[in-house]
Amino acid sequence: MNPLQQHSVNPVPRLTWHGASGTAYEFEHFALGGVTWNAVGGVYIFCRLATDGRWYAVYIGETNDFSVRLANNPPTHERWYDVTRAGATHICAMVVSGNNAAQRRLDIETDLRHRQNPPCNRQ
């Protein structure tokens with residue numbers, strides 16, 4: 001299942017992010033703004049492309065409903081202004097559904113945060 005409600009003719013680009021466990025997670029990625037999300041749960045990463053050509057995580061989170069958590073008109077995410085000030089230009093999303101989805105989302109988010117150390121997740 002795709003986290004977006006509308007699909008374009010072009011395939012959605014994918015990025016692979018690694019967790020502290022060494023597990024590779026494949027995400028779809030989109031430019032910030034103008035995205036209409038499905039009401040499905042998953043893990044998301046606000047990120048930016050640096051001048052060195054590498055992607056950097058700015059904030060990593062999980063949700064049981066992308067359409068509520070990532071609504072952007074107006075922005076509803078409580079860290080929206082922090083992540084945009086930190087340079088986030090894109091958001092990666094990976095649907096996590098099925099049995100024990102809430103715990104799996106939390107486990108994936110934690111694994112990714114421990115490896116990526118995103119600045120806007122720091123307390």
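## Starting at Arg 14

Let's begin with one residue: Arg 14 is partly exposed, with a relative accessible area of 48%. Keep in mind as you look around that this is a predicted model. Arg 14 has a partner, Glu 26, and the two form a salt bridge in which the closest N and O atoms are 3.6 Å apart. Since Arg 14 sits in strand E1 and Glu 26 in strand E2, the pair ties together parts that are 12 residues apart in sequence.

Glu 26 counts as partly exposed too, at 46% relative accessibility. There is a third member to add here: Arg 14, Glu 26 and Glu 28 are linked in a network of salt bridges.

## More salt bridges

Why look for pairs like this? Side chains of opposite charge can pair when their charged atoms come close. How many salt bridges does the model have? The count comes to 7 salt bridges.

Another one joins the side chains of Arg 69 and Glu 78, with 2.6 Å from N to O. Arg 69 is partly exposed at 22% relative accessibility, while Glu 78 is exposed at 53%. Then there's the pair made by Asp 82 and Arg 85, at 2.8 Å from N to O. Both of these residues belong to helix H2, where they are 3 residues apart, or about one turn of the helix. Asp 82 is partly exposed, with a relative accessible area of 27%, and Arg 85 is exposed, with 65%.

## Into the core

Now for the inside. The largest nonpolar core has 16 residues, and those with the most contacts inside it are Trp 37, Tyr 44, Phe 46, Phe 66, Leu 70, Val 83 and Ile 91. Which elements each supply at least two residues of this core? They include strand E3 (42-49) and strand E4 (55-63), along with helix H2 (80-85) and strand E5 (90-95).

Apart from that core lies another, made of 14 residues. Among them are Ile 45, Ala 57, Ile 60 and Ile 108.

## Rings that pair up

Next, the aromatic rings: the count comes to 6 aromatic pairs. Take Tyr 44 and Phe 46, whose ring centres are 5.8 Å apart and whose planes meet at 80°, so the pair is edge-to-face. Are these two residues buried or exposed? Tyr 44 is buried, and Phe 46 is as well.

Phe 46 also pairs with Tyr 59, and this time the arrangement is tilted, with 6.3 Å centre to centre and 50° between the planes. Phe 46 is in strand E3 and Tyr 59 in strand E4, so their pair ties together parts that are 13 residues apart in sequence. Both Phe 46 and Tyr 59 are buried. Put Trp 80 into the picture and you get one aromatic cluster, formed by Tyr 44, Phe 46, Tyr 59 and Trp 80.

## Helix H3 and its buried side

Helix H3 runs over residues 101-116, which makes 16 residues. From its first C-alpha to its last, H3 reaches 22 Å, close to the 22 Å expected at 1.5 Å a residue.

Which residues of H3 are buried? They are Ala 101, Arg 105, Ile 108, Glu 109, Asp 111 and Leu 112. These buried residues cover an arc of only 165° around the axis, which puts them on the same side of H3. What covers them includes strand E1 (14-18), strand E2 (24-31), E3, E4 and E5. One of them, Ile 108, you have already met as a member of the 14-residue core.

## Two asparagines with a positive phi

Finally, a look at the backbone. Most residues other than glycine have a negative phi. Asn 100 is not a glycine, yet its phi is positive, at about 55°. You can find Asn 100 in the loop between E5 and H3. Asn 100 is exposed, with a relative accessible area of 61%.

Just after H3, Asn 117 takes a positive phi of about 50°. This residue is partly exposed, with a relative accessible area of 45%.

Methods: Residues are numbered from 1 along each chain as its sequence is written. This is a predicted model: local features need pLDDT of at least 70, side-chain atom pairs count only at pLDDT 80 or more; totals for chains, interfaces and linings use all residues. Side-chain values use heavy atoms; hydrogens and water are left out. A nonpolar core is a set of buried Ala, Val, Leu, Ile, Met, Phe, Trp, Tyr and Cys residues joined through side-chain atoms within 4.5 Å. Buried means under 20% relative accessible area, exposed over 50%, partly exposed in between (1.4 Å probe, protein chains only). Helices (H or I, at least four residues) and strands (E, at least two) are DSSP runs, numbered from the N terminus. The expected span of a helix is 1.5 Å times one less than its number of residues. The arc is that of the directions from the helix axis to the C-beta atoms. Contact means heavy atoms within 4.5 Å. Rings of Phe, Tyr and Trp (its six-membered ring) pair if their centres lie within 6.5 Å; planes under 30 degrees apart count as stacked, over 60 as edge-to-face and the rest as tilted. A salt bridge is a side-chain nitrogen of Lys or Arg within 4 Å of a carboxyl oxygen of Asp or Glu.
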